[in-house]
Amino acid sequence: MVKFSKQFEGQLIPEWKEAFVDYRQLKKDFKNIQFLNNNNSNDTKNQNSSVPNSIISSLRNYSPFGHHQNGEHVPPIQVHRKLGSSYDTELLEQFAETGAIKEFFACLDQQLNKVNKFYRTKENEFMERGNSLRKQMDILIQLKFAFQDQQGSIDKEYHSISCTFSNEEDSVRNREDPEEETEEISTDEIQFSDSCRADEVGEPTQVKREEEKLRTLSGRVINCQGKNLRINIPLTTPLRTFSAITYLVREDLINQSRKFSIGAGKVHINQTKLRHSEKMIKRGFIELYKGLEYLKLYRNLNMLAFMKILKKFDKVTSKQVPPIYLKVVESSYFNSSDKVIKLSDEVEELFVRNFAGDDRKKASKYLRPSHRHKESHSVTFFIGLFGGCFLALLTGYVVMAHLSGLYKPEQDSLYMETVYPVLGLFSLIFLHFFLYGCNIVAWRKTRINYSFIFELVPTKELTYRDIFLVCTMAMTTVVGTMLLHLTLLTKGYSYAQLQHIPGLLILVFLLMLLCPFNVIYRSTRYRFLCTIRNIIFSPLYKVVMQDFFVADQLCSQVPMLRNLEYVACYYISGSYKTLDYGYCTRKNYYKDLAYAVSFLPYYWRAMQCARRWFDEGERSHLVNLGKYVSAMLAAGAKVAYEKDGSSNVGWLCVVIFSTAATVYQLYWDFVRDWGLLQFNSNNPLLRNELMLRNKAIYYFSMGLNVILRLAWLQTVVHSTLQGVDSRVTTLFLAALEVIRRGLWNFFRLEHEQLNNAGKFRAVNIVPLPFHEVDEED
């Protein structure tokens, strides 16, 4: 049977962990009482006067009302309620372990006060958010009705402008799903009567503070009878950004060429903005409902924790304390307030009516999605099956390659130049993917809410079992193909006859990645392709955690990208037909492309930093941008040195730029990404909050990160593994960098989780489309 403490910790909300009842501390105080009680019982048995004392104690315990003084019942404790809804317990009966019991009830009061305070704070926040969403929904409904009534009377040739627009800053904290951003942009406009009141549009103070930090260009102010209403649509895509700028320019030209009078009761709004506004409000309701469900869980778990600890206390002391204190807990604010339940029901009704067509089953898919896939034993079986096949095939390939002498220096350059890059390409990709699966195992074990951090859809996210299955299946296929290719070579087939095999292998995996059918984790593949698109077109897309996290992974996959570029050149140019593997290294434009590939991941990441600085206005993003600029300079020095390895100046440039970039990167890894090296911390050179109990893991990881960051030294010392080709050494060092990135991933998300927990941020803050602004704005 699982202990309640483990169940409690397993079910609580990770971001609100500090706000929950500290059950471990209460249990610790209780064990202290239990220990003193056992000692007192043993001492009492050794005294002659123990019999009458035991009789009196038994009579008191037997009485359901405790002891009496002057004919009146006196309870063992009395809980006083002070100003500010705080509680303080007073002991009215002398206990054998008075000091320990006083400490226990002091801790119990402290936990009750903490729970009440947090619950009230979150309740007020969600109530304020709910009021804002109701007002936003009222405006949206009025706009939709006006559009349906007056859409047919729009003058399609000339649109009479009866409102004023101006650029305003806009919140872009959250981006809508890529599936929702593929709509055709419509330039039709609608007009509606000025029945909405701009002064009714409210927004929580916390959201306003968040939006004050962000910048964009899409905000428009509508002046309706002297009241200003701004419509904010986040500029999350290039199309939306360019549409907003084009729309502003078009309106400026129209306003300069024609004169307009401000209508007394007519306002125009873009139809596309109306659709996006509806999506923003819909997502706001989903996040609000999620937060309310969390608050219900918070109340139930804390109530259960109080009941459990008081039950334990009653078993040891045999006093009538639990009923008295439980009445106080039950009547306290966090358990007696019904505002959250009423608001939750109201939110569900509004969502069913306005976004689900009165279909509760459809609404529940959005409001109450299933969070975990059903674990299947067949998946585990196939992981073991393909894992065993992979190891067997890899062993056979290594033995055959060793007997053939393929990996010896200058033994068979044709194989190492044409086939080996394909093996290295897939090895680095699926090693990285496998480490991501290991990261998920570690994140789940330490209760790091990676799904919330990456904004993954609970019903579509990959589990670690899925990832391990994909890795073992893919690598079994790759190594099996390589073994088949090598076997045919040893049987006497020529390279010309077998050169199409590695190319077909790449083509098969590419078709699987781009397959439009609902097979092989289509939603995950689509999400990945959208993320790659966002990275490539940085800084035109709004940057979220998932985007720059994947971009950071690409920074560790530069050797893989260079292999991919070379293999693509080899097959696309047709060099595989003539076995001219040096064609791509002789042509200047292909050589320039190979150099550009070394810079692209750092360039993309630098552009993301620039976009985040533009959106949020924080200078730390500019400092982070400098880190990637230094990495680009170091990569450029390495490329130049590889081109002319005999230059002493080139060698000196590699050492200077790489050393500066390494120091820069190590500082950012430890201080900013991992949040370590805090000299005032209770844990030397770490931080106060640690999710791993063993501190040695942090010190070991920091040391290993330093060592692996120095892998660039191989470029200047020209060291290789003895008896093997230099390309094998290059692949080995690239694999070490991928392993370093896998290690980095865990601590990066640990720091992000602690930041969320420090701000008690368990749900996303969705920007709302309609905002009231002042006249002068």
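Modeller: Buried means under 20% relative accessible area, exposed means over 50%, and partly exposed lies in between. The model here is predicted.

Colleague: Why is Glu455 called partly exposed?

Modeller: Glu455 has a relative accessible area of 24%. That value falls between 20% and 50%, so Glu455 is partly exposed.

Colleague: What makes Arg283 and Glu455 a salt bridge?

Modeller: Their side chains meet at 3.1 Å, N to O. The cut-off is 4 Å between a side-chain nitrogen of Lys or Arg and a carboxyl oxygen of Asp or Glu. The pair is within it, so it counts.

Colleague: Which parts of the chain does this pair link?

Modeller: Distant ones. Arg283 is in helix H7, and Glu455 is in the loop between helix H15 (450–454) and helix H16 (464–490). They are 172 residues apart.

Colleague: Is Arg283 buried or exposed?

Modeller: Buried. Its relative accessible area is 17%, which is under 20%, so the label follows.

Colleague: How many salt bridges does a search of the whole structure find?

Modeller: The search finds 22. One of them joins Glu9 and Arg24.

Colleague: How do you know that Glu9 forms a salt bridge with Arg24?

Modeller: Their closest N and O atoms are 2.4 Å apart. The limit is 4 Å, so the pair qualifies. The pair links distant parts of the chain, 15 residues apart. Glu9 is in helix H1 (residues 4–11), Arg24 in helix H2.

Colleague: What makes Glu9 partly exposed?

Modeller: A relative accessible area of 24%. That is not under 20% and not over 50%, so Glu9 is partly exposed.

Colleague: What are the labels for Asp725 and Arg727?

Modeller: Asp725 is at 6% relative accessibility, under 20%, so it counts as buried. Arg727 has 25%, so it is partly exposed. The two form a salt bridge, with the closest N and O atoms 2.8 Å apart.

Colleague: Which residues are linked in a network of salt bridges?

Modeller: Glu348, Glu349, Arg360 and Arg368.

Colleague: What forms the positive surface patch?

Modeller: Lys3, Lys6, Lys31, Lys308, Lys311, Lys312 and Lys315. Helix H7 (residues 271–317) gives the most to it, with four residues.

Colleague: What makes Lys31 accessible enough for the patch?

Modeller: Lys31 has a relative accessible area of 47%. Patch residues need over 30%, so Lys31 passes that test. Its label is still partly exposed, because 47% is not over 50%. Lys31 is in helix H2 (residues 23–45).

Colleague: Why is Trp744 called buried?

Modeller: Trp744 is at 2% relative accessibility. The limit for buried is under 20%, so Trp744 counts as buried. Trp744 lies in helix H29 (residues 726–758).

Colleague: Which residues is Trp744 in contact with, leaving aside its neighbours within four places in sequence?

Modeller: Phe549, Asp552, Gln553, Asp669, Asp673 and Trp674. Trp744 and Asp673 are 71 residues apart in sequence, yet their C-alpha atoms are 8.6 Å apart in space.

Colleague: And the whole chain? How many helices and strands does it have?

Modeller: The protein chain has 29 helices and nine strands. Of its 777 residues, 47% count as buried. It exposes about 39300 Å², with carbon and sulfur atoms supplying 58% of that.

Colleague: What share of contacts between residues at least 6 apart in sequence joins residues at least 24 apart?

Modeller: The share is 78%.

Terms used
Residues are numbered from 1 along each chain as its sequence is written. This is a predicted model: local features need pLDDT of at least 70, side-chain atom pairs count only at pLDDT 80 or more; totals for chains, interfaces and linings use all residues. Side-chain values use heavy atoms; hydrogens and water are left out. Patches are made of residues with over 30% relative accessible area and no salt bridge: like charges are joined within 9 Å, nonpolar side chains (Val, Leu, Ile, Met, Phe, Trp, Tyr) within 5 Å. Accessible areas come from the Shrake-Rupley method with a 1.4 Å probe; for residues, only the protein chains shown count as cover. Lys and Arg count as positive and Asp and Glu as negative; His and the chain ends are not counted. The place of a charge is taken as NZ of Lys, CZ of Arg, CG of Asp or CD of Glu. Helices (H or I, at least four residues) and strands (E, at least two) are DSSP runs, numbered from the N terminus. Buried means under 20% relative accessible area, exposed over 50%, partly exposed in between (1.4 Å probe, protein chains only). Contact means heavy atoms within 4.5 Å.
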